[in-house]
There are 4 protein chains.
Amino acid sequence: MLVVMQEGAPETQVQAVIDRLVSLGFTIHRSTGVRHTILGGVGPRDEFDPLDFEMMQGVKEAHRIVSPYKLANRTFKPEGTVIEVNGVRFGSNELVVMAGPCSVEGERQIQVAAAQVAACGARVLRGGAFKPRSSPYSFQGLAEEGLRLLRAAADAHGLLVISEVMDRSQLPLMLPYVDILQVGARNMQNFSLLKDLGEVRKPVLLKRGLAATLEDLLLSAEYLLSGGNYEVLLCERGIRTFETATRNTMDLSAIPVLQKLSHLPVVADPSHGTGRRDLVAPMARASVAAGAHALLIEVHPDPPAAFSDGPQSLFPDQFADLMAQLRIIAGAVGMTMAQGKGA
Amino acid sequence: MLVVMQEGAPETQVQAVIDRLVSLGFTIHRSTGVRHTILGGVGPRDEFDPLDFEMMQGVKEAHRIVSPYKLANRTFKPEGTVIEVNGVRFGSNELVVMAGPCSVEGERQIQVAAAQVAACGARVLRGGAFKPRSSPYSFQGLAEEGLRLLRAAADAHGLLVISEVMDRSQLPLMLPYVDILQVGARNMQNFSLLKDLGEVRKPVLLKRGLAATLEDLLLSAEYLLSGGNYEVLLCERGIRTFETATRNTMDLSAIPVLQKLSHLPVVADPSHGTGRRDLVAPMARASVAAGAHALLIEVHPDPPAAFSDGPQSLFPDQFADLMAQLRIIAGAVGMTMAQGKGA
Amino acid sequence: MLVVMQEGAPETQVQAVIDRLVSLGFTIHRSTGVRHTILGGVGPRDEFDPLDFEMMQGVKEAHRIVSPYKLANRTFKPEGTVIEVNGVRFGSNELVVMAGPCSVEGERQIQVAAAQVAACGARVLRGGAFKPRSSPYSFQGLAEEGLRLLRAAADAHGLLVISEVMDRSQLPLMLPYVDILQVGARNMQNFSLLKDLGEVRKPVLLKRGLAATLEDLLLSAEYLLSGGNYEVLLCERGIRTFETATRNTMDLSAIPVLQKLSHLPVVADPSHGTGRRDLVAPMARASVAAGAHALLIEVHPDPPAAFSDGPQSLFPDQFADLMAQLRIIAGAVGMTMAQGKGA
Amino acid sequence: MLVVMQEGAPETQVQAVIDRLVSLGFTIHRSTGVRHTILGGVGPRDEFDPLDFEMMQGVKEAHRIVSPYKLANRTFKPEGTVIEVNGVRFGSNELVVMAGPCSVEGERQIQVAAAQVAACGARVLRGGAFKPRSSPYSFQGLAEEGLRLLRAAADAHGLLVISEVMDRSQLPLMLPYVDILQVGARNMQNFSLLKDLGEVRKPVLLKRGLAATLEDLLLSAEYLLSGGNYEVLLCERGIRTFETATRNTMDLSAIPVLQKLSHLPVVADPSHGTGRRDLVAPMARASVAAGAHALLIEVHPDPPAAFSDGPQSLFPDQFADLMAQLRIIAGAVGMTMAQGKGA
């Protein structure tokens, strides 16, 4: 903790801050300048809130020195984490594409979708069985039936399965069917759910909340890691800004920043990041150019007929074209990408 | 649904939109202008996503006509909802103040806090037993022991109890002890929790998420109402903006806007809304001047020693001074306020 | 400047930072902790960019100790600045209301407006003669004729005049007519204009930009002060956020924060802060409750017929009702307000 | 203009809206539904503010049908605008890179910079002679001497010149030296300056303001176009959001959105867009992948010694590496890029 005293703060106020730091176990380094006294507190822990000190008499400002997240920090594993799931490696130089519809709607739809995305080189099939919807009147998902259909379609085409979990009660249903559990943006700070998932031994893809700073995202990842689940994928999917031309503003600089701050693999979701089909391909390409380890893309056999997220789902032929472009861009940044079975 | 076609959109494209609207049960009103064709679709339901139409060929833009929330809408109950809990009336011309520490820390702390806030005119005691914390390493609350102490302190001073619930599993523990359940900002779109609380028959205070529009907040309220729980309090507690001088930016215009859009009572939380003790009193006064029905304020017998939220907790004498000011301001906007027992 | 080195940063990197700080004239205070080395640089000036240091090898983070603004800083004049203009005192315990139409539209309109606002207790007449409009096709103002009409209307009713200046070329025209020059939000960082106004000897009301932090606003004020113009009024008028229910989000906490950071008087503009007439009164009341020294409010004799800003202009009778409420609220925070001539 | 009446709005209110629309020259198309009456107003002009109607009794909401910008609209020139300056073509399939230091600091610095960027394939040399700085105490530029040095360096290496103009008084000085005039983000809505530049016959690069929507940006471009200057380059350079890990959040989706809304070429500035050197290359690559026509990048022969923007300036060898990557990515999106003279 660094505490900067106000100009002319009397010695009694300086001493009060020192006393408090000492009582919390900090060793104090004091620098007395012409105008400001600076206190550097070095301690065994640093999860104290700088505001606790800024509210003290005579304090100008306080800063935390040590990051509040430890296990998610790059310094914990400088070489980076590679998460391998049945031969698919996240965090390596292999670009992984996860694709499929927003929701599982029926057997035929998900089988067709799986065939299409596998043919283009996707390695993981996405599809929601439990849907978090802003409106209680919207389609809420097929639940276990959806999971069963999703697994069958993935198996038929050599794909892994990723699907969203919304609360603890869904876990027993989901674990037999899915390879990767997804936590949605609106649950990024559902700390009860994060604690539950810390005890699970399956990879978790954690989406950044709409108003979450990157530090917030890494603190949520810390919940999972400190619970014992080390397989966490961080996912940028757009934040809320004043711009209304897009549903969200995709923060692509989050990709290199997260890779600097953390050792965990970074995924980009250009579908939710933009909310509009015509922007998905440009943002998917940009994500790879910015260094993303993996992409999560909504593709539907017939987007206008989709039960949910139709406007942001790619048509299958758009997805095929995009994958060809991504292969070239991946090469420019030292990544490789699986060939599609249909290629 | 209103659909505006692009200039020069050919008749086949106009017809495709009409066909889709008809297939969804809409009756069509068509206006053909010099430059634009406009289609007004009037239907039994309007929870369709305008983007579904904006992605169609030849469509310039689409707008929803009917609000996506029904039961939370002002038109559902134009005279406004008054929620009465043991004689305390939210949504009336009686300004209700809820106050107390962030967390219940022990018997003496909560008893002293209850005595202090009751003496100043507060009607409800706040105190957390389960704490949602950004960091897994922070204090997580006393759980049931905290609830027991909170209830005892409130009963000893004639106060109601409000406390936060984070997931379904805590409900059986909480229901015997609390009068009002609080949903935190980070859980505002935890739809699983909202469904569970829709089945409860206790009032719920629903905090606005940090990136939630007022429409999002009302849609989350709609989850509770459509589940059968009609006693919902809406709470403004600050949103995320670019300004860093305050932890959040309290959006006070949300108070009159919510009162126009909805019949539900509106609460302001200036403690979380600012994150800094020195701003709590100005923002509490401003909230009442803007028309809030109730306030939620953190007060601690000894803020520097608080386990959580110390920097934003008022000292008891600051709270007493504030309550005197609020009484005058309430009068200016046609509200009244309970006299404190210590007055 | 405070520089925190990364864990394990080698001595050569520490030395490079020290060398750079020394070359810039800083005296160094070094604290070597178990994990981090901290360098406190105390120097004669502190306008260096912390990022210059954060980009150096081995640096974890850097913070500025001294505020980048000096003359606008509260410490420069701890007792606060009172700006007196012909008997009207900004920054005192007298609440000053400035009111009138967005634009001067003609003689009758501005005379009627002046009479109405004077009767209710306003002390300053507002009215634009040069209008900054987002669209080049919108009404651009009456220019000098507008200024002449504005001055005549103000003089006839014992009011001061405030009007907006957009560039240097307008100054010779404006100076004979206005008492206070207004800089609009979109020009807050038009540094050429700020330099010109630093040389003027008339008070300047400086509006906060839509994306300006409070530090940005104070740095823009510093341009005026360092140019020799000490009469600066700071004005909160709403910032851009994701919320779309209001045109802007009025940041009322800016009022107490600015009063803490600076000695300059603080004005609130609830008309632009909300953009909607029905929100102006609640936000005006809230601004006074939060401690504003003055208000700037758009009032028009016939808002639906206004050439600009009609939707956010009050009807005269709404303004009269509001002024009565403000008088009570001012009393609650130790302020007084002029009686209207019509009272 | 589309006006949706509230449920149950009486006929008198509907008629008042119709009367107002008719008085403004609109032809009315009325649709009367079960719950809502919708009025479609088709008129010769559509620069009316929807809020003017939303404030009327009985109106639920109003929407503008026609875009408020005409000449900047894609429909005005569907095939897109190519701006050719001495053989460099903006808006074509040729990716143009503009590079150089933030400020011209001296002859040797700018000559070296020009040689370096030309060798790597840049076509335009950037360098500021007049600097808009947040603090009045920061370096303000070399003025005419800077322009002279910049022109000489560009000519010596076959480059064009781009430099920023801050106000009208600088124009006579600048026009003989520069090929492209740049308007900074903080002046995007300095309408006086925009009017002056509308009369100039040199291309203008217009940067998006930190809180400007894409519609705002296009309206500012409309000022230039409607003044008669048709050579406008639109530039994304980051917006203000809540995220603090980067100075700004670069909104890359703005690139494809602007290309859809407008016919003008789109430039990306990853240096200001991120504010941090280590993010410039990822965001430059991402900008090209997203479809940018041109890039504006800060490169300095010795960034740590730069007078301004050192932390976001690339080292020359970083720039060389980046240009090699950009050449590959350009190919993936159907663009080509000039070979460097040093290649």
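How are α10(A) and α8(D) oriented to each other? They sit oblique to each other, a label for angles outside under 35 degrees (roughly parallel), over 145 (roughly antiparallel) and 65 to 115 (roughly perpendicular). This is a predicted model, where local features need pLDDT of at least 70 and side-chain atom pairs count only at pLDDT 80 or more, while totals for chains, interfaces and linings use all residues. Residues are numbered from 1 along each chain as its sequence is written, with chains lettered from A in the order written.

**The A–D helix pair**
- Helix α10 (residues 277-289) of chain A packs on helix α8 (residues 254-261) of chain D at about 135°, with axes 9 Å apart; helices here are DSSP runs (H or I, at least four residues).
- The residues that meet are D278(A), L279(A) and P282(A) on one side and I255(D), P256(D), V257(D) and K260(D) on the other; contact means C-beta atoms, placed from the backbone, within 7 Å.
- By class, that contact has 5 nonpolar, no polar and 2 charged residues.

**How A and D are related**
- Chain A lands on chain D after a rotation of 180° with 0.0 Å of shift along the axis (RMSD 0.1 Å), using C-alpha atoms of residues with pLDDT of at least 70 in both.
- The two copies are thus related as by a two-fold rotation axis.
- In chain A, A286(A) comes closest to that axis, at 2.0 Å (C-alpha).
- Both copies use the same surface, as 100% of the contact residues of chain A recur in chain D.

**The A–B interface**
- Here 34 residues of chain B touch 34 residues of chain A.
- On the chain B side, α7(B) gives the largest share, 5 residues.

Conventions:
Two residues are in contact if their C-beta atoms, placed from the backbone, lie within 7 Å. Helices (H or I, at least four residues) and strands (E, at least two) are DSSP runs, numbered from the N terminus. Axes are lines fitted to C-alpha atoms, for helices over the stretch in contact, and angles run from 0 to 180 degrees between N-to-C directions. Ala, Val, Leu, Ile, Met, Phe, Trp, Tyr, Cys and Pro count as nonpolar, Asp, Glu, Lys and Arg as charged, and the others, Gly among them, as polar.
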